[in-house]
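I opened a notebook for this structure and wrote down what I looked up, in the order I looked. The entries are short.

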Amino acid sequence: PMAMMVPDYAMIGEISFYAFGFEKGRHLAKKMVTTFQLCSEQLSAQSHYDYGMRAVKTVIEAAGLNKRKYPDQSEAQILLRALQDVNVPKFLKDDLPLFSNIISDLFPGVEKPAIDYGKLEEMSREKSRETLLQPTEYFIKKQFELFDMIQVRHGMMLVGPTGGGKTCCYRTLQAACTALVEAKDPADNHNPDHHWVMFDGPVDALWIESMNTVLDDNKKLCLVSGEIIALTSKMRMQFEVEDLEVASPATVSRCGMIY
C-alpha cells in the first residue's frame, strides 16, 4: 500500500509568488487556485483541458515573467493576464464566456492590461496577405496566443480539426518573427535563435509516452539504447493534432494547449 496526497496548490503558489517578488503572494495564490477549481467544476470536460500542478506552475511562471517585464502594473493585473494567457488559448468558444465570468467575479474592477506586440502584429498581417490568407482578428489572435505560449512552455499542442488553420497559424508566426529579426527590430522578443520541432499527425499513446521526459522539466529524450539526448533552452516541441482522445493526462498536463 502506498499513501498518496494532493499537493497544497495554494501554499506552493504562495511561496513561488513571493520568490518572484510579489508582495501579496498569499492573496494571489488563493485567487489562482479558486480560478482553477471553478474552471474544473463549471467548464465542459474536454480531453485537452488540464487544471493540475503543471497548469498552476505555468501560470506562476507567466506571472513572474510579466512581473519583470511590467513592474509598474498592479499584481492583480499581472496574475489576471497570466491566467488568461495560459488558459484562454485552450478553451472552446462555449467555455470562454463562463471563464470570463469566473475571472470577473474573482477580479472585480481589475482591468485586463492592453498588450502591445509592437511590429509583430503589423508583420503577421503582412505575412498572412503574402500567403493569400485573410488576416482576420481571430487568426492574428491565435498567432499571439501561440507566441505567448512559446515564452512559458517548451511543449505545445495545436489542437483542432483538419483545415482549422493550425499549420497556417504557426507558419505565419514563424515568417513574421523571422522577418522582424532580419529587419533588426530592436524589440527583444522574437526569439531569433529558437528551433521549433514540429510533429504533425495523431497523438498515439505508444510513442507520445516516450516523449514525457522531453516535455516535462527534465527536457531529456531517453532512447531504448540508453542514450540520453538533452533539449536545449532554445528548442520548442510543437504537435499538430486533431484531438487528444487517446493521450494520457500525463501528456496533456505537460503541454501548452492552443485550440
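The entries below go through a sheet, the helices on it, two single residues, a cavity and a pocket, all in a predicted model.

**Entry 1: the sheet**

I began with the strands and how they pair. Four strands make an open sheet in the order 2-5-1-6, and the pairing is parallel. Strand 2 and strand 6 (256–258) are the edge strands, each pairing on one side only. I also looked up the twist: on average, neighbouring strands of this sheet are turned by 20 degrees against each other, direction ignored.

**Entry 2: helices on the sheet**

Next I asked which helices pack on the sheet. Helix 7 does, and it touches strand 1, strand 2, strand 5 and strand 6. The direction of helix 7 makes about 175 degrees with that of strand 6. Helix 8 also packs on the sheet, where it touches strand 1, strand 2 and strand 5. The direction of helix 8 makes about 155 degrees with that of strand 5.

**Entry 3: strand 5 and its partners**

I took strand 5 next. How many of the seven residues of strand 5 are buried? I found six of the seven, in the run 235–241, so strand 5 is largely enclosed by the rest of the structure.

I then followed the pairing of strand 5 with strand 2 (residues 195–200), which is parallel and has six bridges. In that pairing I noted Phe199, whose bridge partner in strand 5 is Phe239.

Strand 1 and strand 5 also run parallel, and five bridges join them. I listed three facing positions. Gly155 stands opposite Met237 of strand 5, Met156 opposite Gln238, and Met157 opposite Phe239. Phe239 therefore entered my notes twice, as the partner of Phe199 and as the residue opposite Met157.

**Entry 4: strand 1**

Strand 1 was next, and I checked how far it is covered. Five of its five residues are buried. I looked at the two faces separately. On one side are Gly155, Met157 and Val159, on the other Met156 and Leu158, and all of these are buried.

I also followed the pairing of strand 1 with strand 6, which is parallel and has three bridges. Leu158 has Ile258 as its bridge partner in strand 6.

**Entry 5: Glu145**

I picked a charged residue in a helix. Glu145 is found in helix 7. Is Glu145 buried or exposed? Its relative accessibility is 9%, so I put it down as buried.

I then listed its contacts, leaving aside neighbours within four places in sequence: Val88, Pro89 and Ile258. Ile258 is also the partner of Leu158 in strand 6. For a longer separation I looked up Leu221, which is 76 residues from Glu145 in sequence and 27 Å away in space, C-alpha to C-alpha.

**Entry 6: Leu231**

I turned to a loop residue. Leu231 has its place in the loop between strand 4 (228–230) and strand 5. Leu231 counts as buried because its relative accessibility is 15%.

Apart from neighbours within four places in sequence, Leu231 is in contact with His154, Val214, Lys219 and Met237. Met237 is the residue of strand 5 that Gly155 stands opposite. I also noted Lys220, 11 residues from Leu231 along the chain, with a C-alpha separation of 5.8 Å.

**Entry 7: the cavity**

I then looked for empty space. Rolling a probe the size of a water molecule over the atoms shows where such space is left. How many cavities of 30 Å³ or more does a search of the whole structure find? The search finds one.

I wrote down a volume of about 70 Å³ for the largest cavity. Its lining includes His48, Asp50, Met149, Arg153 and Met257. By class, the lining residues are six nonpolar, two polar and three charged.

**Entry 8: the second largest pocket**

Last, I looked up the second largest pocket, which holds about 320 Å³ of space. Fifteen residues line it, and those nearest its centre are Tyr138, Lys142, Gly164, Gly165 and Lys166.

Which elements each supply at least two residues of this lining? I found helix 7 (137–152), strand 1 (155–159) and helix 8 (166–182). The lining has 10 nonpolar, three polar and two charged residues. Helix 7 was already in my notes as the element that holds Glu145, and that is where I stopped.

Technical notes: Residues are numbered from 1 along each chain as its sequence is written. This is a predicted model: local features need pLDDT of at least 70, side-chain atom pairs count only at pLDDT 80 or more; totals for chains, interfaces and linings use all residues. Side-chain values use heavy atoms; hydrogens and water are left out. On a 1 Å grid over the protein atoms alone, a cavity is a set of points where a 1.4 Å probe fits but cannot get out, and a pocket is an open set with protein on both sides within 12 Å along at least five of seven lines; lining residues have an atom within 4 Å of a point. Grid points are joined across faces, edges and corners, and a volume is the space filled by probe spheres set on the points. Ala, Val, Leu, Ile, Met, Phe, Trp, Tyr, Cys and Pro count as nonpolar, Asp, Glu, Lys and Arg as charged, and the others, Gly among them, as polar. Buried means under 20% relative accessible area, exposed over 50%, partly exposed in between (1.4 Å probe, protein chains only). Contact means heavy atoms within 4.5 Å. Two strands pair if DSSP finds at least two bridges between them. Axes are lines fitted to C-alpha atoms, for helices over the stretch in contact, and angles run from 0 to 180 degrees between N-to-C directions.
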